[in-house]
Amino acid sequence: MAIEQTLSIIKPDGVEKNVIGKIIARFEEEGLTPVGIRMVHLSQQEAEGFYAVHRERPFFGELVEFMTRGPVVVMALEGDNAVAKNREVMGATNPDDADEGTLRALYASGIEENTVHGSDSLENAAIEIKYFFSDIQVFPRG
(Lines give C-alpha, C1' and ligand atoms only; values in the text may rest on other atoms or scores of the structure.)
Protein backbone atom coordinates (compact mmCIF):
# COMPACT_ATOMS: atom_id res chain seq x y z
CA MET A 1 0.00 0.00 0.00
CA ALA A 2 1.15 3.51 -0.78
CA ILE A 3 0.57 6.52 1.45
CA GLU A 4 -1.00 9.18 -0.75
CA GLN A 5 -2.68 12.52 -0.37
CA THR A 6 -5.91 13.58 -2.05
CA LEU A 7 -8.22 16.57 -1.97
CA SER A 8 -11.75 16.41 -0.69
CA ILE A 9 -14.30 19.21 -0.67
CA ILE A 10 -17.48 19.25 1.34
CA LYS A 11 -19.63 21.26 -1.05
CA PRO A 12 -22.12 23.98 -0.07
CA ASP A 13 -25.01 21.52 0.27
CA GLY A 14 -23.02 19.44 2.76
CA VAL A 15 -22.17 22.54 4.79
CA GLU A 16 -25.82 23.67 4.67
CA LYS A 17 -26.99 20.24 5.89
CA ASN A 18 -24.60 20.45 8.88
CA VAL A 19 -22.91 17.14 8.06
CA ILE A 20 -19.31 18.40 8.12
CA GLY A 21 -18.43 16.44 11.25
CA LYS A 22 -20.14 13.28 10.03
CA ILE A 23 -18.23 13.41 6.75
CA ILE A 24 -14.88 14.03 8.42
CA ALA A 25 -15.56 11.24 10.92
CA ARG A 26 -16.38 8.87 8.07
CA PHE A 27 -13.10 9.65 6.32
CA GLU A 28 -11.20 9.01 9.55
CA GLU A 29 -13.08 5.74 10.15
CA GLU A 30 -12.05 4.65 6.64
CA GLY A 31 -8.36 5.39 7.30
CA LEU A 32 -8.13 8.83 5.69
CA THR A 33 -6.52 11.40 7.95
CA PRO A 34 -7.09 15.14 7.44
CA VAL A 35 -3.65 16.73 7.10
CA GLY A 36 -4.96 20.13 5.97
CA ILE A 37 -8.42 21.56 6.49
CA ARG A 38 -10.16 24.91 6.17
CA MET A 39 -13.47 26.51 5.34
CA VAL A 40 -13.61 28.97 2.47
CA HIS A 41 -16.28 30.78 0.49
CA LEU A 42 -15.08 30.51 -3.10
CA SER A 43 -15.26 33.54 -5.34
CA GLN A 44 -16.50 33.08 -8.88
CA GLN A 45 -12.91 33.41 -10.13
CA GLU A 46 -11.66 30.73 -7.68
CA ALA A 47 -14.44 28.30 -8.60
CA GLU A 48 -13.90 28.88 -12.32
CA GLY A 49 -10.17 28.30 -11.88
CA PHE A 50 -10.63 25.12 -9.87
CA TYR A 51 -13.14 23.65 -12.31
CA ALA A 52 -11.42 25.00 -15.46
CA VAL A 53 -11.19 21.45 -16.86
CA HIS A 54 -15.00 21.56 -17.22
CA ARG A 55 -15.14 25.03 -18.80
CA GLU A 56 -16.50 23.74 -22.13
CA ARG A 57 -19.10 21.48 -20.54
CA PRO A 58 -22.74 22.62 -20.54
CA PHE A 59 -22.97 22.35 -16.73
CA PHE A 60 -19.95 24.60 -16.04
CA GLY A 61 -21.96 27.75 -15.23
CA GLU A 62 -24.32 25.91 -12.90
CA LEU A 63 -21.38 24.18 -11.20
CA VAL A 64 -19.63 27.50 -10.55
CA GLU A 65 -22.87 29.07 -9.30
CA PHE A 66 -23.43 26.14 -6.93
CA MET A 67 -19.86 26.11 -5.61
CA THR A 68 -20.01 29.85 -4.85
CA ARG A 69 -23.41 29.95 -3.14
CA GLY A 70 -21.96 29.26 0.31
CA PRO A 71 -18.85 28.14 2.13
CA VAL A 72 -17.13 24.82 1.46
CA VAL A 73 -14.71 22.77 3.54
CA VAL A 74 -11.52 21.83 1.71
CA MET A 75 -9.37 19.03 3.07
CA ALA A 76 -6.12 17.38 2.18
CA LEU A 77 -6.57 13.75 3.21
CA GLU A 78 -3.77 11.23 3.66
CA GLY A 79 -3.80 7.46 3.82
CA ASP A 80 -3.14 4.20 2.04
CA ASN A 81 -4.23 4.62 -1.58
CA ALA A 82 -6.03 7.81 -0.55
CA VAL A 83 -7.31 8.75 -4.02
CA ALA A 84 -9.09 5.43 -4.59
CA LYS A 85 -10.25 5.17 -0.97
CA ASN A 86 -11.73 8.68 -1.04
CA ARG A 87 -13.62 7.90 -4.25
CA GLU A 88 -14.90 4.65 -2.76
CA VAL A 89 -16.15 6.42 0.37
CA MET A 90 -17.79 9.20 -1.70
CA GLY A 91 -19.67 6.88 -4.05
CA ALA A 92 -20.79 7.47 -7.62
CA THR A 93 -21.18 11.05 -8.87
CA ASN A 94 -24.90 10.49 -9.28
CA PRO A 95 -26.23 9.59 -5.83
CA ASP A 96 -28.91 7.41 -7.47
CA ASP A 97 -26.06 5.17 -8.63
CA ALA A 98 -24.03 5.38 -5.41
CA ASP A 99 -23.63 2.29 -3.25
CA GLU A 100 -25.56 2.22 -0.01
CA GLY A 101 -23.65 3.81 2.85
CA THR A 102 -21.44 6.02 0.66
CA LEU A 103 -21.38 9.74 1.40
CA ARG A 104 -23.31 10.62 -1.72
CA ALA A 105 -25.95 7.96 -1.08
CA LEU A 106 -26.35 9.28 2.47
CA TYR A 107 -26.23 13.05 1.95
CA ALA A 108 -26.51 14.12 -1.70
CA SER A 109 -29.81 15.34 -3.09
CA GLY A 110 -28.90 14.94 -6.77
CA ILE A 111 -26.16 14.83 -9.35
CA GLU A 112 -25.87 18.64 -9.27
CA GLU A 113 -25.69 18.79 -5.46
CA ASN A 114 -23.69 15.70 -4.61
CA THR A 115 -22.16 16.91 -1.33
CA VAL A 116 -18.49 16.03 -1.87
CA HIS A 117 -15.69 16.36 -4.39
CA GLY A 118 -12.65 14.12 -4.54
CA SER A 119 -9.57 14.11 -6.73
CA ASP A 120 -9.77 11.60 -9.58
CA SER A 121 -6.05 10.82 -9.84
CA LEU A 122 -2.83 11.21 -7.90
CA GLU A 123 -1.63 13.83 -10.39
CA ASN A 124 -4.81 15.90 -10.03
CA ALA A 125 -4.73 15.47 -6.26
CA ALA A 126 -1.34 17.20 -6.12
CA ILE A 127 -2.61 20.06 -8.31
CA GLU A 128 -5.86 20.42 -6.37
CA ILE A 129 -4.17 20.38 -2.95
CA LYS A 130 -1.80 23.13 -4.10
CA TYR A 131 -4.82 25.13 -5.34
CA PHE A 132 -6.10 25.45 -1.77
CA PHE A 133 -3.09 24.89 0.51
CA SER A 134 0.50 26.08 0.70
CA ASP A 135 3.15 23.58 1.81
CA ILE A 136 3.13 25.01 5.34
CA GLN A 137 -0.63 24.40 5.67
CA VAL A 138 -0.41 20.63 5.14
CA PHE A 139 0.90 18.43 7.95
CA PRO A 140 1.71 14.92 6.67
CA ARG A 141 1.43 12.27 9.35
CA GLY A 142 1.86 9.04 7.38
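**Exercise 1. Find which residues of helix 4 (residues 60-67) are buried, and what covers them.**

*Step 1.* Begin with the terms. Helices (H or I, at least four residues) and strands (E, at least two) are DSSP runs, numbered from the N terminus. Buried means under 20% relative accessible area, exposed over 50%, and partly exposed in between, with a 1.4 Å probe and protein chains only. The model is predicted, so local features need pLDDT of at least 70 and side-chain atom pairs count only at pLDDT 80 or more, while totals for chains, interfaces and linings use all residues. Residues are numbered from 1 along each chain as its sequence is written, and side-chain values use heavy atoms, with hydrogens and water left out.

*Step 2.* In helix 4, the buried residues are Phe60, Leu63, Val64, Phe66 and Met67. They cover an arc of only 160° around the axis, so they sit on the same side of helix 4. The arc is that of the directions from the helix axis to the C-beta atoms.

*Step 3.* Why can residues some places apart share a side? An α-helix has 3.6 residues a turn, so residues three or four places apart point the same way.

*Step 4.* Now turn the helix around: the face away from the buried side of helix 4 carries Glu62 and Glu65, which are exposed.

*Step 5.* Look for the cover, where contact means heavy atoms within 4.5 Å. The buried residues of helix 4 are covered by elements including strand 1, helix 1 (12-16), helix 3 and strand 3.

**Exercise 2. Do the same for helix 5 (residues 82-90), and say how helix 5 lies on the strands.**

*Step 1.* Here Ala82, Val83, Asn86, Val89 and Met90 are buried. Their arc around the axis is only 135°, which puts them on the same side of helix 5.

*Step 2.* Ala84 and Glu88, on the other side of helix 5, are exposed.

*Step 3.* Among the elements that cover the buried residues of helix 5 are strand 1, helix 2 (20-29), strand 3 (72-80) and helix 7 (122-132).

*Step 4.* Helix 5 lies across strand 1, strand 3 and strand 4, and runs at about 35° to strand 1. For such angles, axes are lines fitted to C-alpha atoms, for helices over the stretch in contact, and angles run from 0 to 180 degrees between N-to-C directions.

*Step 5.* Just after helix 5 comes glycine 91, with a positive phi of about 90°.

**Exercise 3. Work out the order of the strands in the sheet.**

*Step 1.* Two strands pair if DSSP finds at least two bridges between them. The four strands form an open sheet in the order 2-3-1-4, with antiparallel pairing.

*Step 2.* Strand 2 (33-40) and strand 4 are the edge strands, each pairing on one side only. From one strand to the next, the twist averages 20°.

*Step 3.* Zoom in on one pair: strand 1 and strand 4 run antiparallel and are joined by three bridges. Isoleucine 9 has histidine 117, in strand 4, as its bridge partner.

**Exercise 4. Describe the surroundings of threonine 6: is it buried or exposed?**

*Step 1.* Find threonine 6 in strand 1 (residues 3-10). Threonine 6 is buried, since its relative accessible area is 0%.

*Step 2.* Leaving aside neighbours within four places in sequence, threonine 6 is in contact with residues including Ala82, Val83 and Asn86.

*Step 3.* The side chains of threonine 6 and serine 119 are joined by a polar contact of 3.4 Å. A polar contact is a pair of N or O atoms within 3.5 Å; within protein, one must be able to donate a hydrogen and the other to accept it, and residues adjacent in sequence count only if both atoms are side-chain atoms.

**Exercise 5. Classify the aromatic pairs that involve phenylalanine 132 with phenylalanine 50 and with tyrosine 131.**

*Step 1.* Rings of Phe, Tyr and Trp (its six-membered ring) pair if their centres lie within 6.5 Å; planes under 30 degrees apart count as stacked, over 60 as edge-to-face and the rest as tilted. The whole structure holds four aromatic pairs.

*Step 2.* Phenylalanine 50 and phenylalanine 132 have ring centres 5.1 Å apart and planes at 50°, so this pair is tilted. The pair links distant parts of the chain, 82 residues apart: phenylalanine 50 in helix 3 (residues 44-50) and phenylalanine 132 in helix 7.

*Step 3.* Tyrosine 131 and phenylalanine 132 make an edge-to-face pair, at 5.1 Å centre to centre and 75° between the planes.

*Step 4.* Check the exposure: phenylalanine 132 is buried at a relative accessible area of 5%, whereas tyrosine 131 is partly exposed at 37%.

*Step 5.* Finally, Phe50, Tyr51, Tyr131 and Phe132 form one aromatic cluster.
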